[in-house]
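Biologist: I have the file open. Can you walk me through it?
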Amino acid sequence: MAAINLTDLAQPRPAHLPALPEFGAGDTVRVQARVVEGDRERLQPFEGVVIRVKNGPAGNFTVRRIASGIGVERTFPFNSPRLEAVAVTRKGRVRRSRLYYLRGRTGRAARVKEARRG
Amino acid sequence: MTTGMIGRKLGMMRVFDGSGRVRGVTVIELGPNYVTQVRTPDRDGYSAVQLAFSGRRKRLTQAQRGHLRKAGLERETLTALKEYRVDDSSGYSLGQVLNCAQFEPGTFVDLTATSKGRGWAGGVKRWNFRGGPKTHGQSDRHRAPGSLGAGTTPGRVYKGQKMAGHMGDEVVTVLNCLVVATDPERNLLFVQGSVPGPRTSIVSVRNARRPALKAYTPPVFPTAEVEAVIDEAEPVEDAEQMAEQNAEGAAEQSEAQE
C-alpha cells in the first residue's frame, strides 16, 4: 500500500470564493479579508505591496503597507476561507523575490518601480 | 462500544476549521484493523479484542503467522498485534474489520506511541539543566550538570538524581487530543497537536479516559481590537490644533478634580 502524500490532503481554496489573480513580490494588491467584529462579520480591505510569496500546499503571502505612519505587514494564507478576494492594483518591477529591504525604508525610498507593459 | 485502534503516524500538516482558524494537526493512518482474537470472560477471564494493523510490511515470526492463520488472516501486511479491553466482546468476530469511523470529530482521544530515541543525552537536553556560564574564564563547563548533592551528610548521591542517560524511545501516552476530522474513505484521523515518535511509527488510539471539557481554540485574527485605531483615526490636521485639544483635555481633567 502506497504511503499517502500529505500534500495531497492540503485543503484547496474554498470553491465558492473567486479565483485569485496571479501576482508576485513587488505588486501592489488590495486584499479583501473577512474580519469578525463582535458578532458581525465584514470585509476589510488591506492594500499594500506584496513583499513575499511562499508557494506550496500551505502557501501564503505577506502584504506591507504604511498605516498612520506605522509599517503594518499582514500575512494571508492562499487557501484561507477568510481571504475573500485579491485585486492587483499595480504591477511592480523588482529584481528579487523577498522585498525585506523595504522594511528599513520610508517615503520615497520605499517605492517599487512599476513594471513596463508587454 | 468502541475499542481502541492501531494506526500509523503519517506526519503533520495544517487545517482550516470552519471559522477560518488554522490548526496544526497530525495525520494518523488509522486502520483498517482486523480482529485477530476475541477474549471472553468464560475462556480468558476478561473481555477484550486483539487487533492487527494492516498496511505495513513487516516480517512476522512463525508463531505470529500461525496465530493469524487461525484467525484466517494470514497475509503479509498485518502487523502490530495489540489487545484492547472492551466491556463486552460478544459483538466482535474473528476477521472483522474496524476503521476510523468509530472516532467522532470534536471528541478527544488518548494516543500511545514510542517517542523518538535521543540516545545517550546529557543533562541539558534530558532534564533542561541550564549548564554552566559561557564566559568568564569557563572551560569544559558549558553543558556540565553541576553539583549532584551535599557533602559528608548524606555522603551519597540520592536515588533518582537527574543525570545524563538514555533519553527517548520510551512509550509515551498523550491524553486528550482533539479529533479535528476523520476520513473513513482513506482511513485517516486528524488529531490536533503533535504525536510522539517519528513518521511511520505505530500509534495506538483510544477514546479519552478522562475527556477534557473544552478544546484549546486558536485565536481569530485580529487577536486584539486595534483595527479601529488604524483605519478610522482622523489624520492630524496640524500640530497646533492637537496641542490645543490636549490642553483643553488637561484643563477639563483638572476641573473635574476640583
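Modeller: This is a predicted model. I would start inside chain B, where six residues of domain 1 are in contact with seven residues of domain 2.

Biologist: Which residues on the domain 1 side of chain B lose the most area to domain 2?

Modeller: B:Arg118, B:Asp169 and B:Glu170 lose the most, and together they give 93% of what the domain 1 side buries.

Biologist: And where do the domain bounds of chain B fall?

Modeller: Domain 1 takes in 4-118 + 169-257, and domain 2 takes in 119-168. B:Arg118 and B:Asp169, two of the residues I just named, are therefore at the bounds of the domain 1 segments, going by the domain assignment.

Biologist: How much area is buried between the two domains of chain B?

Modeller: About 400 Å², with carbon and sulfur atoms giving 60% of that.

Biologist: Now the two chains. What is the buried area between chain A and chain B?

Modeller: It comes to about 1,900 Å², and carbon and sulfur atoms give 61% of it. In contact terms, 20 residues of chain A meet 21 residues of chain B.

Biologist: Which residues of chain A lose the most area there?

Modeller: A:Leu6, A:Leu9 and A:Gln11. Together they make up 28% of what the chain A side buries.

Biologist: Staying with chain A, what is its secondary structure?

Modeller: Chain A has seven strands and zero helices, so the pattern along the sequence reads β-β-β-β-β-β-β, with strands taken as DSSP runs. Its C-alpha atoms fill a box of roughly 55 × 40 × 30 Å along the principal axes.

Biologist: What share of chain A is buried?

Modeller: Buried residues are 37% of its 118 residues. Chain A exposes about 7,300 Å², and 48% of that is supplied by carbon and sulfur atoms.

Biologist: How many charges does chain A carry, and how far apart are their mean positions?

Modeller: There are 24 positive and 10 negative charges, and the two mean positions lie 11 Å apart.

Biologist: Back to chain B. How many helices and strands there?

Modeller: Five helices and twelve strands. Of the 258 residues in chain B, 34% are buried, and the accessible surface is about 16,400 Å², 48% of it from carbon and sulfur atoms.

Biologist: What about contacts between residues 24 or more positions apart, chain by chain?

Modeller: Taking contacts with a separation of 6 or more, such pairs account for 54% in chain A and 72% in chain B.

Biologist: Last topic, backbone geometry. Which peptide bond in chain B is cis?

Modeller: The one from B:Thr153 to B:Pro154, with omega near 5 degrees. B:Pro154 sits in the loop between helix 3 (123-127) and strand 9 (165-167) of chain B.

Biologist: Why point that out?

Modeller: Because most peptide bonds are trans, and most residues other than glycine have a negative phi.

Biologist: Then which residues other than glycine have a positive phi?

Modeller: Among them are B:Asn176, with phi near 55 degrees, and B:Thr200, at about 70 degrees.

Biologist: Where are B:Asn176 and B:Thr200 placed in chain B?

Modeller: B:Asn176 is in strand 10, residues 171-183. B:Thr200 is in the loop between strand 11 (188-192) and strand 12 (202-207).

Biologist: And what is the relative accessibility of B:Asn176 and B:Thr200?

Modeller: B:Asn176 is at 26% and B:Thr200 at 45%. Buried means under 20% and exposed over 50%, so B:Asn176 counts as partly exposed, and B:Thr200 is partly exposed too.

Technical notes:
Residues numbered from 1 in each chain as written. Chains lettered and ligands numbered in written order. Predicted model: local features only at pLDDT ≥ 70, side-chain atom pairs only at ≥ 80, totals over all residues. Heavy atoms only, no water. Helix = DSSP H or I, 4+ residues; strand = E, 2+ residues; numbered from the N terminus. Buried < 20%, exposed > 50% of the residue type's maximum accessible area, 1.4 Å probe, protein only. Contact = heavy atoms within 4.5 Å. Areas by Shrake-Rupley, 256 points an atom, 1.4 Å probe, with all protein chains shown as cover. Lys, Arg positive; Asp, Glu negative; His and termini not counted. Charge placed at Lys NZ, Arg CZ, Asp CG, Glu CD. Buried area = accessible area lost by both parts, 1.4 Å probe.
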